[in-house]
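Okay, thanks for coming, everyone. I'll put the sequence and the model up, and then walk through the parts I'd like us to look at.

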Amino acid sequence: MVPSNVNLLEYLRSKTQIDLDTFDVTVVEEFGKCVDCTSNQYEYYTELAKPARKDILEKTLELSSNLHEDFREVTFEELAVEVSAVLLGHEMLPAFTGCLHVMANPNYAYSRQKVVETAKRIHSIFALIDPFFPTARIVIKVAATWEGLQACRELRDYGIKTLATTVFTMEQVILAGEAGCVSISPFIHELRILLEPEDPHPQLGLCVQAQEYYKRESLPTKVKACANASLDELVQLAGVDALTIVPGDLEALKSTCRDTKEVTGMSLFKADGSAQDEIQVSYINDEGKYRADFGRAQDGRAQGKLAETIDIFRDFQTKAEAVIRNARA
């Protein structure tokens with residue numbers, strides 16, 4: 001007999017991989033083991049700025065001082081943010097069983113070479129801080145620009161795993177799959193809209209379309225939905241490869257039970273997998289076609305969404321570097 005009510009976190013865990021979206025070590029024990037743990041410049045800044053994380057800040061400064069001679073291609077502050085990301089991520093190991101995601105400096109989102117250098121440097125920092133940490137558990141998050149995704153293509157040949165973040169369109173989905181990204185993060189909402197009461201263009205359908213596309217094309221790239229605005233959106237995406245969830249929503253899911261029939265009927269993922277027409281296009285070697293198609297996507301809105309989201313991450317990169325700079329003063 002099917003129970004009349006179901007706990008939302010347990011339900012989602014039965015349908016979808018649950019990933020933890022934070023580097024706040026105080027939540028490690030709260031939700032049971034998640035699969036992957038992900039981060040971005042917002043986490044690096046907020047953790048470094050906390051008075052309670054003075055130990056991490058001091059350790060970051062010490063290690064960065066010792067390592068900067070080996071990484072002169074970046075400023076001390078840039079290196080220190082990457083060192084802090086590795087240190088903070090390492091502390092999160094008890095909270096997850098899978099991969100640790102670290103985001104490349106968003107200031108380099110439009111430079112293939114800089115993204116490649118950044119990913120290699122982050123791997124080197126991991127090796128110096130913990131030589132026994134398996135590189136197979138490190139995933140570098142890269143903004144899904146043309147240049148960023150071409151960098152992912154190159155990094156694949158070095159054996160470095162990448163996730164394409166800031167994904168808003170099928171053009172990005174297709175190119176990320178061709179570039180060999182192990183996963184993508186479609187944004188359900190633009191970051192700025194999460195602060196507003198209503199989004200007229202949520203991206204729930206893109207998550208479904210992307211996952212069906214990868215399955216049809218026999219591509220191993222996984223879909224990790226992120227940037228939800230409500231619990232209902234998470235329930236609607238039950239069946240997506242993974243959900244990247246912030247602690248506040250994990251807590252709300254954990255404390256909420258709903259009618260089983262209602263919840264199971266909300267999923268947008270249908271068993272027949274026939275919601276979308278087949279797409280036959282390749283972008284990996286055709287920059288002109290990619291830029292033209294992406295430029296037209298969503299009546300031209302997608303390009304602005306991508307640029308604005310990268311700018312938000314760049315702002316937090318700047319803030320994190322300022323914390324480092326002030327701590328050295």
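**The long helix and what it touches**

Let's start with Ala-327: leaving out residues up to four places away in sequence, Ala-327 touches Leu-57 and Leu-61, where contact means heavy atoms within 4.5 Å. Before I go on, a word on the source: this is a predicted model, where local features need pLDDT of at least 70 and side-chain atom pairs count only at pLDDT 80 or more, while totals for chains, interfaces and linings use all residues. Residues are numbered from 1 along each chain as its sequence is written, and side-chain values use heavy atoms, with hydrogens and water left out.

Back to Ala-327, which sits in helix H13. Helices here are DSSP runs of H or I with at least four residues, strands are runs of E with at least two, and both are numbered from the N terminus. Ala-327 counts as partly exposed because its relative accessibility is 34%; buried means under 20% relative accessible area, exposed means over 50%, and partly exposed is in between, with a 1.4 Å probe and protein chains only. Take Glu-58 as well: Ala-327 and Glu-58 are 269 residues apart in sequence, yet 8.4 Å apart in space, C-alpha to C-alpha.

Now the helix itself. H13 has 28 residues and reaches 41 Å from its first C-alpha to its last, close to the 40 Å expected at 1.5 Å a residue; that expected span is 1.5 Å times one less than the number of residues. Its buried residues include Leu-306, Ile-310, Phe-313, Phe-316 and Ile-324, and also Lys-305 and Glu-321.

Glu-308 is in H13 too, and at 30% relative accessibility Glu-308 is partly exposed. What does Glu-308 touch, not counting residues up to four places away in sequence? Glu-190 and Arg-192.

**Strand S7 and its neighbours**

Next, please look at strand S7, residues 183–186. Ser-183 and Ser-185 point one way from S7, Ile-184 and Pro-186 point the other way, and all are buried.

S7 pairs with strand S6, residues 161–167, in the parallel sense over 3 bridges; two strands pair if DSSP finds at least two bridges between them. Val-167 has Pro-186 as its bridge partner in S7. To get from S6 to S7 the chain goes through helix H7, residues 170–179, and this β-α-β crossover is right-handed. In other words, with the strands pointing away from the viewer, the path from the first strand over the helix to the second runs clockwise.

S7 also pairs with strand S8, residues 222–225, again in the parallel sense, over 2 bridges. There, Ile-184 has Val-223 as its bridge partner in S8.

So how covered is H7? Mostly: 9 of its 10 residues are buried. Those buried residues pack against helices H6, H8, H12 and H13 and strands S6 and S7, which brings us back to the long helix. Right after H7 comes Gly-180, with a positive phi near 90°.

A positive phi also turns up at Ala-227, about 65°, although Ala-227 is not a glycine. Ala-227 lies in the loop between S8 and helix H9, and is buried at 13% relative accessible area. Gln-298 isn't a glycine either, and has a positive phi of about 55°; you'll find Gln-298 in the loop between H12 and H13.

**Aromatics**

Last topic: rings. We describe a pair of aromatic rings by the distance of the centres and the angle of the planes. The structure holds 9 aromatic pairs. Why is the pair Phe-126 and Phe-133 called stacked? Because the centres are 5.3 Å apart and the planes are at 20°. The cut-offs: rings of Phe, Tyr and Trp (its six-membered ring) pair if their centres lie within 6.5 Å, and planes under 30 degrees apart count as stacked, over 60 as edge-to-face and the rest as tilted. Phe-126 is buried at 2% relative accessible area, and Phe-133 is buried at 7%.

Phe-168 and Phe-187 form a tilted pair, 5.6 Å centre to centre with 55° between the planes. Phe-168 is in the loop between S6 and H7, Phe-187 is in the loop between S7 and H8, and the two are 19 residues apart.

Ring pairs also link Trp-146, Tyr-283, Tyr-290 and Phe-294 into a cluster. That's my tour, thanks.
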